[in-house]
Each structure stands twice: as C-alpha cells, then as structure tokens.
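Q: How should one read the features of a structural model, from strand pairing to salt bridges and backbone geometry? Please work through them in order.

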Amino acid sequence: MTEDNYNKPTPFTLRLDDDLLELTKKKLQLARYPEEQTDISDDDWSQGAKVNMVKRLADYWKDGYDWRAEEARINAEFNQFKVKVDVPDYGPQVLHYAHHISSRANAIPLLFVHGWPGSFLEARKIIEPLTNPPDSATQAFHVVVPSIPGFGPGDPPTKSGFGPMLTARGFQTLMVDVLGYQRFVTQGGDWGSMITRSMALQFPQHVRACHYNFFPCGPPPWYKAPLTMGRLILSPYLYTDRELDSIKNMQHYQKEQDGYLKVQSTRPQSLGFGLGDSPIGLLAWLVEKFHEWMDVANYEMPDDEILTFVMMHWMQGATPGLRYYKMAFAEEGEFGSKALFTGYHNTPVGLSHFPKEILLPPYDWVAHVANEQFRREHDRGAHFAAVECPELLVQDLRDCFSSETVTLALKLLARRELFYRSSTIVICPGNSGLACRS
C-alpha cells in the first residue's frame with residue numbers, strides 16, 4: 001500500500017476459508033484425550049481443564065457448531081472496518097475495529113479495549129445499550145471497539161515489539177486521526193486496562209477519563225506511604241471484607257493460576273506450535289481460563305459463546321495472542337507495561353469492582369497510582385464483566401462518565417492545561433467536557 005492509503009478505513013466482512021473449517025473438523029476427529037485420575041472430582045479444576053467438558057465441547061464443535069451462522073451474526077451485529085495506520089516507533093500496521101455511532105447529539109466517544117483470551121466480541125452485549133439508551137436522560141456513547149493486532153480478525157504484527165505501549169499509539173491514531181475524536185473516554189479490562197492506561201499517560205490531551213474493571217498494581221514503597229504499609233501489615237483488622245477477598249483472589253491467582261503467564265511471556269512461540277495446530281489444545285487452554293476467571297456461580301458461558309471466543313484465536317493460529325505477553329513484558333520506558341504499575345495516572349479514573357476478579361488491589365494501593373474519582377462494588381461478576389454481567393458494566397460506564405466528581409476532576413484538569421499549555425480546551429455541550437469530535 002502507498003502512503004496515500006494510510007488512515008483510510010475500508011469496510012470489512014469476516015469470512016474464514018472453507019479449507020480452515022474443513023481442516024479443523026479433521027483435526028477434531030483425530031483428537032486424543034488425557035485420562036482423569038480417579039481421585040479427582042468433577043468439580044476439581046486444580047489440574048486444569050476437565051476432560052469431560054473439553055470432549056463434550058469438541059464433539060459439539062465437530063458435529064453441531066455452525067461457524068457460518070455465527071459468522072453471519074457477527075457481520076450483522078458489528079460495523080467492521082480495517083485501516084492502515086503509521087504507529088510511531090514501529091511503522092505501518094493494519095487495524096481491525098468496529099465503530100457504532102449513536103444518534104444522540106451529546107454522545108461521548110468511548111474506546112472499548114478487550115483482553116486475552118477475549119477479542120472484540122467482548123463488547124457484543126454492550127454496544128446497543130451504550131449507543132441507544134432507553135431514554136433521553138441516559139448518557140449515550142459512540143462506541144469504538146478495536147481488535148488488538150493478532151486477536152480475532154486483527155492483522156498480526158509482522159515485527160517484534162508490538163505490546164501495549166505501541167498498541168496504545170496505534171489506537172490513539174485510530175481515534176484521533178482516522179475517526180476524528182479529539183476527546184474520548186476509555187474502558188479496559190485485562191490487556192485493555194494496560195493499553196488504555198498507557199494511552200492516558202501518553203496522550204492525556206485526548207484521553208479525558210478512563211474506566212476499568214481490572215487495575216493491577218502493587219503496594220507503594222513503605223518509605224513513600226508508611227500508613228498504607230501499616231494498613232497492609234494490619235490488614236486482618238483494617239481492611240474491608242471486600243479488600244480481604246481481593247487479597248485472597250490475588251494470592252490464589254499467583255499460587256495456582258499464573259503458569260500460563262510465565263510460559264506466554266517467555267516462550268510463546270513454542271507453545272504456539274501446539275495450540276496453533278491443535279483445536280483441542282487451544283480449546284482446553286482457553287476453557288480453563290473461562291472457568292477460573294468467571295463467576296461461574298452466576299454465569300455459565302453457553303457452548304456457542306465458548307467456541308466463538310476460541311475461534312477468534314484459532315483463526316490466527318493462536319500464536320499472536322500468546323506472543324503479546326512477551327512483547328508486553330519486554331517493554332521499557334515511562335510508558336511501557338512495567339512502568340504502568342507505578343506511574344501516576346492523572347486522568348480521572350473510575351473502577352468497577354467485581355468480586356471474583358483475579359487482580360483488584362486494595363483501594364489505598366490504587367490511590368498512589370491513579371486519580372480515582374468513581375468506584376462501585378458489585379455482588380457478582382469477575383474478569384469478563386462485559387460478557388458475564390453486561391448490564392452492570394453499562395450502568396457503571398454511564399454513571400462514571402456523567403458523575404459530578406469526574407466532571408469536576410475534568411474541569412480542574414482543563415484549567416491546569418490552560419495554565420501550563422496556554423491552549424484552548426474544547427468543552428462540548430451536554431457531555432461535561434468529556435469528549436468532542438473535530
């Protein structure tokens with residue numbers, strides 16, 4: 001493509017090759033399965049994915065699941081595009097994204113960024129209520145849902161180094177230069193949290209507020225926050241029940257569930273040979289995450305939904321999504337992934353706390369790295385909030401980005417920008433200065 005092709009979106013329709021679908025069925029027919037040990041119960045996932053569940057899903061994938069019907073529904077539900085952008089310090093990269101424009105004059109542009117092992121399909125249940133709320137008094141949004149490159153239909157990077165920092169730059173180009181949203185807000189979970197945090201640090205003039213349902217960070221150094229450290233030491237007496245549960249969730253994750261993290265952040269390509277060639281292997285690898293990271297007592301993922309999520313990685317041969325971990329953990333500098341755990345997030349932040357989330361730190365830890373202006377605790381939900389409890393996340397996004405505290409924080413930021421930069425801050429009518437389109 002020539003330089004003239006940059007920043008010019010073209011409509012995209014998802015269509016997998018018949019050859020891939022036929023090959024998938026053949027591989028499923030030839031699958032071998034491990035044997036469960038006799039003393040491991042049906043509800044004990046401590047050794048990983050359950051054989052009976054994986055076999056049932058594989059049989060359905062082979063004989064009942066209709067990808068073409070699901071593909072048609074995805075194309076009908078999502079306004080999809082691809083666009084070539086020039087990512088600073090990287091070069092050309094083609095981005096896949098969905099863009100849904102609200103009819104409301106005061107709609108706020110919202111960038112929704114998914115994680116792993118999800119895809120842009122995580123936004124499937126929230127786009128319609130966000131773009132077309134039930135009444136005129138409810139805040140509406142223009143919703144942009146990009147695919148992390150290499151996830152789902154997103155073209156995988158052809159060179160190494162494309163982690164959250166560069167993804168943030170690509171998505172900023174998409175929002176500002178391609179779509180013309182000079183001011184916008186963000187929602188992120190999992191990698192989406194890291195990407196949008198990096199965006200807020202790199203481009204605070206464009207990212208006006210951020211909402212997260214996943215916000216990993218550690219305790220501040222004791223010499224910088226002795227009271228926070230003292231509270232941690234006395235946590236059995238001073239932490240709330242919710243904070244104590246969060247610590248237990250984090251400890252369980254670190255002890256029992258982060259093995260994938262070590263492999264994917266060190267030798268993802270070796271793992272990719274197996275998961276990218278075996279639909280059974282990939283299915284088992286992801287099904288375990290869906291079970292362990294969801295509030296399964298309150299949401300049971302339907303078989304079709306599971307397989308469609310798996311297909312988003314199977315179509316790419318799995319490796320690009322695995323490789324993203326290595327790229328992320330290799331990032332250096334003030335906007336790299338490592339710095340996100342300690343760098344202060346001055347942009348107004350809202351947090352939704354779902355009880356089964358794997359990494360949500362105590363509130364005073366967050367206060368040392370984020371300008372938190374909105375918080376809401378829920379009694380159900382986990383890592384995949386937009387999938388498990390979309391109505392709760394939608395309401396939180398509406399309330400967060402229209403709350404008085406976030407509005408006040410934005411006004412203070414605007415005044416500070418005016419003072420330091422002597423530039424005009426554009427405040428759009430009806431949306432509290434959160435966002436505007438050029």
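A: The turns below take up the strands, the cysteines, the salt bridges, the surface and the backbone of this predicted model.

Q: To begin with the sheet, which strands does β7 pair with, and do they run parallel or antiparallel?
A: Pairing is read from the bridges between two strands. Strand β6 (residues 181-188) is joined to β7 by five bridges, and the two run parallel. The path from β6 to β7 passes through helix α6 (residues 191-202), and this β-α-β crossover is right-handed. With strand β8 (residues 345-353), β7 shares three bridges, again in a parallel arrangement.

Q: Which residues stand opposite each other across these pairings?
A: Within β7, Cys210 faces Thr186, and His211 has Gly350 in β8 opposite.

Q: How many residues of strand β7 are buried?
A: In a regular strand the side chains alternate between the two faces of the sheet. Burial of a strand can therefore be examined residue by residue. For β7 (residues 207-212), six of its six residues are buried, and the strand is mostly covered.

Q: How many disulfides does the model contain?
A: The test is the distance between cysteine sulfur atoms, with a cut-off of 2.5 Å. By this test the count is zero disulfides. Cys217 is in none, since the nearest cysteine sulfur, in Cys210, lies 15 Å away. Cys217 is also buried, at a relative accessible area of 7%.

Q: Why does Cys389 form no bond with Cys400?
A: Their sulfur atoms are 16 Å apart, which is too far for a bond, although Cys400 holds the closest cysteine sulfur to that of Cys389. Cys389 is buried, with a relative accessibility of 0%.

Q: How many salt bridges are there, and where does the one between Asp277 and Lys27 lie in the chain?
A: A salt bridge is assigned from the distance between a side-chain nitrogen and a carboxyl oxygen, within 4 Å. The count is 23 salt bridges. One joins the side chains of Asp277 and Lys27, with an N to O distance of 2.9 Å. This pair links distant parts of the chain, 250 residues apart: Asp277 is in the loop between α11 (268-275) and α12 (279-292), and Lys27 is in helix α1 (residues 18-29). Asp277 is partly exposed at 44% relative accessible area, and Lys27 is partly exposed at 22%.

Q: What does the salt bridge of Lys125 with Glu305 tie together?
A: The closest N and O atoms of Lys125 and Glu305 are 3.1 Å apart. Lys125 belongs to the loop between β4 (108-113) and α4 (127-131), whereas Glu305 belongs to helix α13 (residues 303-314), so the bridge connects parts 180 residues apart in sequence. The two partners fall in separate exposure classes: Lys125 is partly exposed at 35%, while Glu305 is buried at 14%.

Q: Which elements are joined by the salt bridge between Asp399 and Arg376?
A: The side chains of Asp399 and Arg376 meet at 2.8 Å, N to O. Asp399 lies in helix α18 (residues 390-401) and Arg376 in strand β9 (residues 370-377), so the contact ties parts that are 23 residues apart in sequence. Asp399 is partly exposed at 22%, and Arg376 is partly exposed at 28%.

Q: Which residues are linked in a network of salt bridges?
A: Arg15, Asp18, Arg68 and Glu71 are linked in such a network.

Q: Turning to the surface, which residues form a nonpolar patch?
A: A patch is read from neighbouring accessible side chains of one kind. Here Ile233, Leu234, Tyr237 and Leu238 form a nonpolar patch on the surface, with about 470 Å² of accessible area together. Ile233 is located in helix α7 (residues 226-233) and is exposed, at a relative accessible area of 61%.

Q: For the backbone, where is Pro117, and is the peptide bond from Trp116 to Pro117 cis or trans?
A: The omega angle settles the matter. The bond from Trp116 to Pro117 is cis, with omega near 5 degrees. Pro117 is in the loop between β4 and α4.

Q: Where does Asp89, with its positive phi, lie, and is Asp89 buried or exposed?
A: Phi of Asp89 is near 70 degrees, a positive value in a residue other than glycine. Asp89 is in the loop between β2 (80-87) and β3 (91-100) and is exposed at 72%.

Q: Is Ala318, also with positive phi, buried or exposed?
A: Ala318 has phi near 70 degrees and sits in the loop between α13 and α14 (319-329). Ala318 is buried, with a relative accessible area of 3%.

How values were computed:
Residues numbered from 1 in each chain as written. Predicted model: local features only at pLDDT ≥ 70, side-chain atom pairs only at ≥ 80, totals over all residues. Heavy atoms only, no water. Patch = residues over 30% accessible without salt bridge, like charges linked within 9 Å, V, L, I, M, F, W, Y side chains within 5 Å. Areas by Shrake-Rupley, 256 points an atom, 1.4 Å probe, with all protein chains shown as cover. Helix = DSSP H or I, 4+ residues; strand = E, 2+ residues; numbered from the N terminus. Buried < 20%, exposed > 50% of the residue type's maximum accessible area, 1.4 Å probe, protein only. Pairing = 2+ DSSP bridges. Right-handed = clockwise from strand over helix to strand, strands pointing away.
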